[in-house]
Amino acid sequence: MKLFHNNNSVCSQKVRVTLAEKQIPWDSEHLDLSKNEQSDPQYMKLNPEGVVPTLVDGDMVLRESSVIAEYLDQLSDHNPLAPTDPRDLAAMHLWLTRAIEIHAAINSLTFATLMRQNQLRDSTPEQVKARIATFPNPQIRSKRLDLYRNGVNSPYVAGALFTLKRMFEDMSVVLESADWLTAGQYGLSDIAVIAYVDRLDRLGMSGLWTEDFPKIDPWLRANQARPSYKTAIDDLIPPAAAEASRKVGAEAWPQIKTIWADI
Ligand SMILES: N[C@@H](CCC(=O)N[C@@H](CS)C(=O)NCC(=O)O)C(=O)O
């Protein structure tokens with residue numbers, strides 16, 4: 001089994017957490033997103049959107065991190081990550097489905113802050129625009145351009161914060177009476193969103209939940225205490241990169257906080 005992924009990519013993190021929880025051996029094909037390796041024509045035969053992750057298992061090619069995570073869970077009985085009750089299963093599928101929208105929100109916040117700062121520092125505007133032009137989807141191109149031009153003032157940031165407020169509200173309702181997001185047990189619902197909440201934490205944006213949503217922090221710390229978090233996420237982010245991301249996020253935080261208050 002081969003996973004095309006990137007160390008710092010949130011959706012790759014979800015899949016690696018699942019692989020670690022299930023203790024499934026896998027071969028790593030690491031793509032350097034900063035070198036645009038995901039746009040390589042050979043790779044795009046596997047993943048026409050030019051994004052990671054992609055799982056190749058024998059002759060099967062699978063995209064979408066939530067779908068891959070559920071597939072991996074089905075492969076063995078070791079540490080089952082999905083509930084059996086139909087209602088719990090439906091609740092889990094809702095988190096896995098919502099993860100697509102939540103991913104887009106986290107992507108907007110990451111590109112409005114950390115990635116934008118890297119672009120401004122390392123590339124000319126022409127280089128950035130040329131890079132953005134390689135994305136096959138015109139909607140993604142226009143979003144990336146807007147985030148590059150306007151940073152946290154982009155309407156995509158306000159939209160992202162709207163999505164995240166709904167996420168924290170709904171997580172808080174469940175976590176009021178349980179430690180984990182579905183059926184009181186750690187599983188795919190938690191894996192569906194852990195990488196995203198962790199990314200916000202790493203961007204120094206934990207203020208989004210510490211005051212208004214007190215149940216999120218204990219849930220996040222419980223996820224971070226699992227061995228799967230260490231091997232699939234934490235160990236793969238160099239301390240200097242972690243420090244840089246907190247610094248950029250902290251600079252953006254006052255503006256983010258103002259937008260958040262109006263949502
Ligand atoms: N919904 C997809 C999203 C895939 C996606 O957008 N992946 C990002 C990394 S998390 C990517 O490859 N981006 C390419 C780029 O930024 O150039 C999934 O969850 O698998």
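The following questions and answers concern the domains, cores and selected residues of a predicted model.

Reader: Into which domains is the protein divided, and how far apart do their C-alpha centres lie?
Author: The protein is divided into domain 1, residues 2-75, and domain 2, residues 86-261. The separation of the C-alpha centres of domain 1 and domain 2 is 19 Å.

Reader: How many residues of each domain are in contact with the other, and how much area do the two domains bury between them?
Author: The contact involves 25 residues of domain 1 and 25 residues of domain 2. The size of an interface is often expressed as the accessible area lost when the parts come together. For domain 1 and domain 2, 58% of the buried area is on carbon and sulfur atoms, and the area itself is about 2100 Å².

Reader: Where does the largest nonpolar core lie with respect to the two domains, and why?
Author: The largest nonpolar core has 56 residues, and those touching the most other members are Leu164, Phe168, Met171, Leu208, Trp219 and Ile256. Domain 1 and domain 2 both contribute residues to this core, so its place is between domain 1 and domain 2.

Reader: Which helix gives the most residues to the largest nonpolar core?
Author: The largest nonpolar core comprises 56 residues. Several helices each supply at least two residues of this core, among them helix 1 (10-22), helix 8 (155-175) and helix 13 (239-261). The greatest contribution, 10 residues, comes from helix 4.

Reader: Leaving aside neighbours within four places in sequence, with which residues is Phe168 in contact?
Author: Phe168 is among the residues that touch the most other members of the largest nonpolar core. With neighbours within four places in sequence set aside, the contacts of Phe168 are Val197, Leu200, Leu208, Trp209, Phe213, Ile216 and Trp260.

Reader: How many residues form the second, separate core?
Author: The second core is separate and includes Leu3, Val15, Leu55 and Leu72. Its number of residues is 8.

Reader: At what angle do the axes of helix 4 and helix 5 cross, and which residues make the contact?
Author: The axes of helix 4 and helix 5, the latter spanning residues 114-122, come within 3 Å and cross at roughly 35°. By class, the contact has 4 nonpolar, 2 polar and 1 charged residues. Helix 4 contributes Thr110, Phe111 and Ala112, and helix 5 contributes Leu114, Met115, Arg116 and Gln119.

Reader: Which residues are joined by a cis peptide bond, and what is omega?
Author: Pro53 is placed in the loop between helix 2 (41-46) and strand 3 (54-57). The cis bond joins Val52 and Pro53, with omega about 5°.

Reader: Is Glu64 buried, exposed or partly exposed?
Author: Glu64 is a residue other than glycine with a positive phi, near 75°. The loop between strand 4 (60-63) and helix 3 (65-75) contains Glu64. Its relative accessible area is 41%, and because the range from 20% to 50% lies between buried and exposed, Glu64 is partly exposed.

Reader: What is phi of Ala183?
Author: Ala183 lies in the loop between helix 8 and helix 9, and is partly exposed at a relative accessible area of 48%. Ala183 is not a glycine, yet its phi is positive, near 60°.

Reader: How far apart in space are Asp234 and Asn8, C-alpha to C-alpha?
Author: Asp234 occupies the loop between helix 12 and helix 13 and is partly exposed at 36% relative accessibility. Leaving aside neighbours within four places in sequence, Asp234 is in contact with Arg202 and Tyr229. Asp234 and Asn8 are 226 residues apart in sequence, and their C-alpha distance in space is 9.6 Å.

Conventions. Residues numbered from 1 in each chain as written. Predicted model: local features only at pLDDT ≥ 70, side-chain atom pairs only at ≥ 80, totals over all residues. Heavy atoms only, no water. Core = buried A, V, L, I, M, F, W, Y, C linked by side-chain atoms within 4.5 Å. Buried < 20%, exposed > 50% of the residue type's maximum accessible area, 1.4 Å probe, protein only. Helix = DSSP H or I, 4+ residues; strand = E, 2+ residues; numbered from the N terminus. Domains from an automatic or database assignment. Contact = heavy atoms within 4.5 Å. Axes fitted to C-alpha atoms, helices over the stretch in contact; angles between N-to-C directions. Nonpolar A, V, L, I, M, F, W, Y, C, P; charged D, E, K, R; others polar. Buried area = accessible area lost by both parts, 1.4 Å probe.
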